[in-house]
Amino acid sequence: MALDVVLVRLLIIAAVASVLPARGRADGAAGLAIGFYNEKCPGAEDLVLEEMRDIVHEDRTLGPALLRLLFHDCFVRGCDASIMLKSRSKKGERDAKPMSYSLRGFDEVERIKAKLEEACPLTVSCADIIIMAARDAVYLNNGPRFPVETGRRDGKVSNCVDAENDLAPPNANIVDLKTYFSVKNLSWKDLVVLSGSHTIGSSQCAAFAGDRLYNHSGKGMQDPTLNKTYAPDLRMMCEAGNETDTTPVSMDPGSPHEFDLSYYRDVYSNKGLFVSDQALLDDKLTHDYVARMAAAPSPDEFFDDYAAAMINMGRMEVLTGHNGEIRKICGAYVD
Ligand code: HEM
């Protein structure tokens, strides 16, 4: 895409985001802004991008891991970096099983935080680092670059049970998925667009092999909706009966490091890895979006939708102003 076209698109997204009556503003997103750190810590966003470049260069699997970390942070008590908190006496969000067992990227958030503490002590929140890192992960996987709002502050509470309640499991059906999203003020469109994140990264066999390959609905059979020619490939990788199989399987095997439309082509041809991916074909609106993106000649519409959906997710139950804190160590112990 030509640079001027990219610039115009960025300007449009920024303008739209800044005038939106913003669902989020009503529930506490006032105080967020694009470029919140421009004066408080000039160069903060550049510094995150540079650090992310190094991180992804050292280990390309960390980009998708950091994008997923944002999802797990925002859906549980809002985007407040509570996913990072540790506790000596009880289980926190990051200990939630099975949803959070394979999360990664905690050390990398800390690494970025350490750089920002050198540049601007106690200024940039861990919550904002997580969303900036996720945004950059998309870009560094050849996806779009888009603005995200910043100005969040860090929460001080992290409970395992909140994560267990608020994160959709990979075997969720479409009704449940829409509910998990709508209770967080996100729409069917946010659901189908943000699920497009599964165009990069991988899943452990344990997260899908039971439901999709070996014991669908507890009946000891393969999921009848799974693509019949694709299933044997998955069976080769994932052992039957091993509920803790950590073998990584690319969610979009054709281009696991390209943030592109192929997730939608996969889902449309019944090759989505999770029941939750396949389920997007079970609702008229999400089905039609998947079908349209699967056939789209260019990813532009998806990229614009993705930028807007990230703004929406980034506004979930945020702490701003005098609420919360700016933590020095993102993964601090709460007790
Ligand atoms: C719609 C509900 C969703 C469900 C049920 C779901 C489920 C999952 C599961 C089970 C995994 C694999 C975990 C493992 O390794 O075992 C995964 C990976 C991933 N998810 Fe989702 N997810 C959802 C939405 C999202 C959203 C909203 C995002 C980002 C905005 C996201 C981004 C990712 C990424 C990037 C990975 C790959 C992680 C890696 O390679 O380390 N997911 N997801």
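Is Asn141 buried or exposed? In this predicted model, Asn141 has a relative accessible area of 3%. Because buried means under 20% relative accessible area, Asn141 falls in the buried class. A look at the backbone places Asn141 in the loop between helix H6 (126-140) and strand E2 (149-150). Setting aside residues up to four places away in sequence, Asn141 touches Gly63 and Pro64, Ile200, and the run His257, Glu258 and Phe259. Of these partners, Gly63 and Pro64 carry numbers that lie within helix H4 (62-74).

It helps to set this residue against the whole chain. The protein chain has 15 helices and four strands. Its radius of gyration is 19 Å, close to the 20 Å that the globule rule gives for 335 residues, so the chain is as compact as a globular protein of that length. Taken along the principal axes, the C-alpha atoms fill a box of roughly 55 × 50 × 40 Å. Among the 335 residues, 52% count as buried, and Asn141 is one of the buried residues. Contacts between residues 24 or more positions apart make up 76% of those with a separation of 6 or more.

The surface and the charges can be described in a similar way. About 14700 Å² of the protein chain is accessible, and carbon and sulfur atoms account for 55% of that surface. The chain holds 37 positive and 49 negative charges, and the mean positions of the two sets are 2 Å apart.

Next comes the metal site. The iron atom of the ligand has a single donor from the protein, namely NE2 of His198, at 2.1 Å. His198 is found in the loop between helix H9 (188-194) and strand E3 (202-204). The number of Ile200, a contact of Asn141, also falls between the end of helix H9 and the start of strand E3.

Lys86 offers a second loop residue to examine. Lys86 is found between helix H4 (62-74) and helix H5 (106-119). With a relative accessibility of 30%, Lys86 counts as partly exposed, whereas Asn141 is buried. Which residues does Lys86 contact, leaving aside its neighbours within four places in sequence? The partners are Arg94, together with Gly331, Ala332, Tyr333, Val334 and Asp335. For Lys86 and Tyr333, the C-alpha atoms are 4.5 Å apart in space, although 247 residues separate the pair in sequence.

Conventions
Residues are numbered from 1 along each chain as its sequence is written. This is a predicted model: local features need pLDDT of at least 70, side-chain atom pairs count only at pLDDT 80 or more; totals for chains, interfaces and linings use all residues. Side-chain values use heavy atoms; hydrogens and water are left out. Donors are N, O and S atoms within 2.8 Å of the metal (3.2 Å for Na, K and Ca); water is not among the atoms, so sites may look incomplete. Helices (H or I, at least four residues) and strands (E, at least two) are DSSP runs, numbered from the N terminus. The radius of gyration is taken over C-alpha atoms; the globule rule is 2.2 Å times the number of residues to the power 0.38. Buried means under 20% relative accessible area, exposed over 50%, partly exposed in between (1.4 Å probe, protein chains only). Contact means heavy atoms within 4.5 Å. Accessible areas come from the Shrake-Rupley method with a 1.4 Å probe; for residues, only the protein chains shown count as cover. Lys and Arg count as positive and Asp and Glu as negative; His and the chain ends are not counted. The place of a charge is taken as NZ of Lys, CZ of Arg, CG of Asp or CD of Glu.
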